[in-house]
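The exercises below are meant to be worked through with the sequence and the coordinates open beside the text. Try each task before reading its solution.

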Amino acid sequence: MLRALAPIISVAPVRAMMDERFSVLVENLPPAAPVTVQSHHYSDDQDDWEAYGHYISDHNGTVSVSKHLSFGGTYSGVEPMGLLWSMCPVPGSRMGLRLRKKDVCTPLVVNISVYSGHDGFRDKKPLASAITERWYMAPGVKRIEVNENGVRGTLFIPPGPGPFPGILDMWGGGGGLHEYRAALLASHGYTALALEYFKPGELQTANLKFQYFENAFRIIQDHPKVNPDSVGILGLSLGSSIALGLAAYSNIIKPRACVCIGANHTNGLEVHESKDGFINLEQAIVDENNHHIWRNIGLAMMRDPSNLVDVQRINCPVLLVSGQDDQNWPSVEMADDITQKMHDVGKAHQLTRIDYPDAGHLIEPPFSPHFRATNFMVKDKYKVIVLWGGQTKPHSDAQEDSWRKILVFFQQHLYSITSPKAKL
């Protein structure tokens with residue numbers, strides 16, 4: 001008699017960009033067999049992350065994650081990418097973790113395994129396993145550390161002769177240098193500068209000057225592989241506040257387009273220079289889980305117009321991306337205010353706005369895990385857990401949809417400009 005073939009699991013493509021879909025297929029199972037498909041990643045912070053779905057093999061003894069229904073786990077239903085976006089720390093992990101790739105020159109390695117049964121799979125030996133690599137930096141993209149004119153960051157340059165459009169990429173109030181989004185933008189054909197503008201824990205004391213951000217913008221603009229008339233800004237949270245402030249007030253730089261994730265038009269560049277710092281944490285609400293909610297701080301700041309960027313001065317296209325369950329900041333209310341003010345001066349045509357139901361504050365590139373609440377260093381190694389909001393499935397859908405629309409927006413407003421012609 002022929003021996004039964006051993007189960008096998010395959011992932012295609014084995015190597016892919018972080019914003020690309022993959023397919024996972026399990027074969028050689030008995031028909032109608034209950035199995036669990038699990039993904040596992042050991043992070044750069046040395047933490048274990050996992051996602052899993054419970055499946056029943058079909059009459060051919062196969063499970064296709066792209067086509068078949070998950071009956072439970074960290075996700076349910078037909079979710080081709082659920083093994084990535086529903087990742088969470090394994091049981092017993094530290095509290096408040098956030099998965100962020102630190103070394104973009106290496107892939108995010110995910111081990112995908114199949115186990116028999118639905119219960120107690122972690123105590124069993126896998127029937128089969130496969131490895132897949134997820135990359136933020138495409139082949140040929142150059143990574144260059146930047147430390148000039150006081151500017152700290154990392155520049156990513158696409159392969160090819162150029163010139164390319166440029167993007168200044170800024171994260172939020174957590175501080176530090178985060179490269180993965182800029183690396184992914186460069187993989188889509190943009191010279192992108194990931195900018196560090198204060199260290200973690202310096203939110204209350206950072207003194208953010210216009211000149212620093214203008215210098216950063218000029219580093220991109222003056223690069224020989226960049227079209228100087230085609231440079232935009234992408235900011236999340238506090239980064240979106242700075243993007244709007246530069247577009248409204250700078251006499252030196254003129255961004256061609258701005259994308260603001262977690263709409264924020266508080267005047268961060270000026271408020272940081274006050275003796276009270278950017279936000280008064282004594283006004284924070286703490287929920288039953290001891291998670292900090294800062295929405296009310298932003299709402300209080302909105303009552304005084306002097307705290308806000310005069311968005312009516314902005315003369316470039318702006319895309320606002322907000323989650324309607326944002327518990328960290330009143331991004332939807334601020335998007336409402338920006339929309340009304342630009343409409344009042346006949347600039348509504350410059351504004352594109354997307355609000356996502358049940359999405360939170362941290363809208364990241366596609367298939368990134370959803371973080372409803374994570375650690376946040378306020379000052380001097382003092383951490384709190386901040387509630388960002390969002391429900392996992394709709395938040396993950398928002399990340400995938402918004403990324404596509406962000407790329408289309410930049411394509412329309414940065415790549416549509418005719419490249420400068422060579423001068424004799």
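**Exercise 1.** Determine in which order the strands of the open four-stranded sheet S16-S17-S21-S20 are paired at the edges, and how S20 and S21 run relative to each other.

*Solution.* Begin with the strand assignment, in which helices (H or I, at least four residues) and strands (E, at least two) are DSSP runs numbered from the N terminus, and two strands pair if DSSP finds at least two bridges between them. The open sheet of four strands then has the order S16-S17-S21-S20, and its pairing is mixed. Strand S16 (285-286) and S20 stand at the edges with a single partner strand each, so one side of each is left without a neighbour in the sheet. Next, take the pair of S20 with strand S21 (residues 382-387), which is antiparallel and extends over six bridges. Within this pairing, Lys379 stands opposite Tyr382 in S21.

The model is a predicted one, in which local features need pLDDT of at least 70 and side-chain atom pairs count only at pLDDT 80 or more, while totals for chains, interfaces and linings use all residues. Residues are numbered from 1 along each chain as its sequence is written, and side-chain values use heavy atoms, with hydrogens and water left out.

**Exercise 2.** Describe the pairing of S10 with S11, and then the surroundings of Arg143.

*Solution.* First, S10 and S11 run antiparallel and are joined by seven bridges, with Lys142 standing opposite Ile157 in S11. The two strands form a hairpin with two residues between them, and Asn149 in the turn has a positive phi of about 55 degrees.

Second, locate Arg143, which is found in strand S10 (residues 142-148). Its relative accessible area is 31%, so Arg143 is partly exposed, given that buried means under 20% relative accessible area, exposed over 50% and partly exposed in between (1.4 Å probe, protein chains only).

Third, list the neighbours, where contact means heavy atoms within 4.5 Å: not counting residues up to four places away in sequence, Arg143 touches Val104, Cys105, Met137, Thr154, Leu155, Phe156 and Glu179.

Fourth, look for polar contacts, each a pair of N or O atoms within 3.5 Å, of which, within protein, one must be able to donate a hydrogen and the other to accept it, residues adjacent in sequence counting only if both atoms are side-chain atoms. The side chain of Arg143 makes such a contact with the side chain of Glu179 at 2.9 Å, and another of 3.5 Å joins the side chains of Arg143 and Glu145.

Finally, compute the C-alpha to C-alpha distance from Arg143 to Ser116, which is 43 Å for a separation of 27 residues in sequence.

**Exercise 3.** Classify the packing of helix H6 (residues 295-302) against helix H7 (residues 331-344) by crossing angle and by the residues that meet.

*Solution.* Axes are lines fitted to C-alpha atoms, for helices over the stretch in contact, and angles run from 0 to 180 degrees between N-to-C directions. The axes of H6 and H7 come within 10 Å and cross at roughly 25 degrees. That makes H6 roughly parallel to H7, since angles under 35 degrees count as roughly parallel, over 145 as roughly antiparallel, 65 to 115 as roughly perpendicular and the rest as oblique. On the H6 side, Arg295, Gly298, Leu299 and Met302 meet Glu333, Met334 and Asp337 of H7. These residues divide into three nonpolar, one polar and three charged, where Ala, Val, Leu, Ile, Met, Phe, Trp, Tyr, Cys and Pro count as nonpolar, Asp, Glu, Lys and Arg as charged, and the others, Gly among them, as polar.

**Exercise 4.** Find where the cis peptide bonds before Pro13 and Pro163 lie, and decide whether Gln46 and Asp358, with their positive phi, are buried, partly exposed or exposed.

*Solution.* As background, most residues other than glycine have a negative phi, and most peptide bonds are trans. A cis bond joins Ala12 and Pro13 with omega about -5 degrees, and Pro13 lies in the loop between strand S1 (8-12) and strand S2 (15-17). Another cis bond joins Gly162 and Pro163 with omega about 0 degrees, Pro163 being in the loop between strand S11 (151-157) and strand S12 (164-170). Gln46 has a positive phi of about 65 degrees and is exposed, with a relative accessible area of 58%. Asp358, whose phi is near 65 degrees, counts as partly exposed at 40% relative accessibility.
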